Amino acid sequence: MKLGGDIVYSNGEKEEEEEEVGEGRSGRKLVVGYALTSKKVKSFLQPKLERLARKKGILFVAIDQSRPLSEQGPFDIVLHKLTGREWQQILEDYHEQHPEVTVLDPPDAIQHLYNRQSMLQQVSDLNFSDPHGEVGVPKQLVITDDPLSIPLAVAQAGLSLPLVAKPLVVDGSAKSHELSLAYDQFSLSMLEPPLVLQEFVNHGGVLFKVYIVGEAIKVVRRFSLPNVNKHDLLHHTGLFRFPRVSCASANAEDADLDPSIAELPPRPMLERLARELRRCLGLRLFNIDVIREHGTRDRFYVIDINYFPGYGKMPGYEHIFTDFLLSLVKGEYRRRISTS
Ligand SMILES: Nc1ncnc2c1ncn2[C@@H]1O[C@H](COP(=O)(O)OP(=O)(O)OP(=O)(O)O)[C@@H](O)[C@H]1O
Ligand SMILES: O=P(O)(O)O[C@H]1[C@H](O)[C@@H](O)[C@H](OP(=O)(O)O)[C@@H](OP(=O)(O)O)[C@H]1O
Ligand SMILES: [Mg+2]
Ligand SMILES: [Mg+2]
């Protein structure tokens, strides 16, 4: 079904003249139940998203966690980002009782991303290489106990300094994003396991965030940590704790950067990588942090994967996300028609 219209928003954005209108199980509207933290509601459910969604026949409804899910809705789609075993069980039970509802995404698949080791394992297993480039993960080591054993473990694993120390578990807390850079082996004993130690890869201070929403991808540049050279390594000791550099709202899109550093990774390579990761992770909503090894044109590393990231910072996310939601029910209708 098509709806005419031509709205120009205050930010100067002009919507397409014709927008598709969604149809959910409840009739005309496509009902999306959401279970998100208040921080996520604020960053994701921005007025521009709700306005466009309404226009396309999509209704976002907050899930009341104090009431059984089956008594709410009916929903066509459940969108969620909450952690905890209890919530995971609620969703799994609900999915069993209501297989007709699309749960974005399956909780067991999301679990893989809440551990920085299993998060990158799938990327490593891909052994990704195509004519446009190679994508790997930095060498890393998991430490679960005794900080005093770290220097020896690092030497035995053959990891080179400097190392980025990251909390092993990512649970949405600020603490799970408290990272540090270790310049010398003695400082490694001051770290607090459980953690992942990852070789620092020089990449010219620019990182590429690749947002994935179903089959759509969008890449943005962000500032990152600067290169560490031999001189820095000789003259710095200790741990350098650093804030969430790549998450800062200031992006690197308009900065005057060295083109060999700022050049986006080749689009066909990212599309193929996203497709393969979507398949092996079993997820549709995530982003990957990609860096290009300094001094190379086509050697890339994935250093982080985030489930349901800050889409509010992705340009045009309201269009991409609403199109994605509509595509899910269209697929559902197609399936029903072909099996009836
Ligand atoms: N192996 C690495 N080599 C070089 N820089 C790195 C490496 N790992 C992390 N960094 C830098 O540290 C930043 C934070 O690391 P990472 O993305 O793993 O943490 P995070 O807390 O999960 O971030 P996000 O906010 O994206 O979830 C990166 O954006 C990048 O600037
Ligand atoms: O979009 P990028 O720059 O990757 O950063 C996101 C993080 O990766 C996410 O982990 C944050 O979400 P949570 O705070 O819900 O984990 C997410 O929080 P947000 O939705 O409040 O922006 C972002 O900080
Ligand atoms: Mg990151
Ligand atoms: Mg992360």
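# Note on the ligand sites, pocket and cavity

1. Let's start with Lys40, which sits in helix 1 (helices are DSSP runs of H or I with at least four residues, strands are runs of E with at least two, and both are numbered from the N terminus). Bear in mind that the model is predicted, so to speak a calculation throughout: local features need pLDDT of at least 70, side-chain atom pairs count only at pLDDT 80 or more, and totals for chains, interfaces and linings use all residues. Residues are numbered from 1 along each chain as its sequence is written, chains are lettered from A and ligands numbered from 1 in the order written, and side-chain values use heavy atoms, with hydrogens and water left out.

2. Lys40 also turns up in a record. An unreviewed UniProt entry marks Lys40, Lys81, His177, Lys209, Asn306 and Gly310 as "binding site" (positions follow the numbering used here, feature names are shortened, and annotations may be inferred rather than shown by experiment). Of these residues, Lys81 is part of the lining of the largest cavity.

3. What surrounds ligand 2? The shell holds 14 residues, with Lys39, Lys40, Ser43, Lys209 and Arg222 the closest (a residue counts as near if one of its heavy atoms lies within 4 Å). Helix 1 (38-44) and strand 13 (206-213) each put at least two residues into this shell, and helix 1 contributes the most, three residues. Sorted by class, the shell has seven charged, four polar and three nonpolar residues (Asp, Glu, Lys and Arg are charged; Ala, Val, Leu, Ile, Met, Phe, Trp, Tyr, Cys and Pro are nonpolar; the others, Gly among them, are polar).

4. Now the polar contacts of ligand 2 (pairs of N or O atoms within 3.5 Å). Ser43 brings a side-chain N or O atom to 2.8 Å from an oxygen atom of ligand 2. Arg222 has a polar side-chain atom that is likewise 2.8 Å from an oxygen atom of the ligand, while for Asn306 the distance from a polar side-chain atom to a ligand oxygen is 3.3 Å. On its own, ligand 2 has 510 Å² of accessible area, and the protein covers 90% of that (Shrake-Rupley method, 1.4 Å probe).

5. Turn to ligand 1 and you'll meet Asn306 again. There are 24 residues around this ligand, and Lys166, His177, Ser224, Arg244 and Asn306 come nearest. The strands that supply at least two residues each are strand 10, strand 12 (195-199), strand 13, strand 16 (285-292) and strand 17 (299-307). Strand 17 gives the most, with three. The class split is eleven nonpolar, six polar and seven charged residues.

6. Which side-chain N or O atom lies 2.8 Å from an oxygen atom of ligand 1? That one belongs to Asn306. Asp289 places a polar side-chain atom 3.0 Å from a ligand 1 oxygen, and Glu199 uses a backbone N or O atom, 3.0 Å from a nitrogen atom of the ligand. The protein covers 98% of the 610 Å² that ligand 1 has accessible on its own.

7. Asp289 deserves a second look. Its place is in strand 16, and the unreviewed UniProt entry lists Asp289 and Asp304 under "binding site". The two span 16 residues in sequence, but their C-alpha atoms are no more than 5.1 Å apart, so they gather at one spot.

8. On to empty space. Rolling a probe the size of a water molecule over the atoms shows where it is left. On a 1 Å grid over the protein atoms alone, a cavity is a set of points where a 1.4 Å probe fits but cannot get out; a pocket is an open set with protein on both sides within 12 Å along at least five of seven lines; and lining residues have an atom within 4 Å of a point.

9. The second largest pocket has about 370 Å³ of space (the volume filled by probe spheres set on the points, which are joined across faces, edges and corners). Its lining counts 18 residues, and Pro167, Lys175, Glu178, Glu192 and Leu195 lie nearest the centre. Strand 10 (163-167) and strand 11 (179-182) are the elements giving two or more residues; strand 10 has the largest share, three. Nine of the lining residues are nonpolar, six charged and three polar.

10. Lastly, the structure has two cavities of 30 Å³ or more. The largest holds about 80 Å³, and among its 13 lining residues His80, Leu82, Thr83, Gln111 and Tyr114 are closest to the centre. Strand 5 (77-81), helix 3 (85-97) and helix 4 (107-111) each provide at least two lining residues. Seven residues of this lining are nonpolar, five polar and one charged.

Methods. A polar contact is a pair of N or O atoms within 3.5 Å; within protein, one must be able to donate a hydrogen and the other to accept it, and residues adjacent in sequence count only if both atoms are side-chain atoms.
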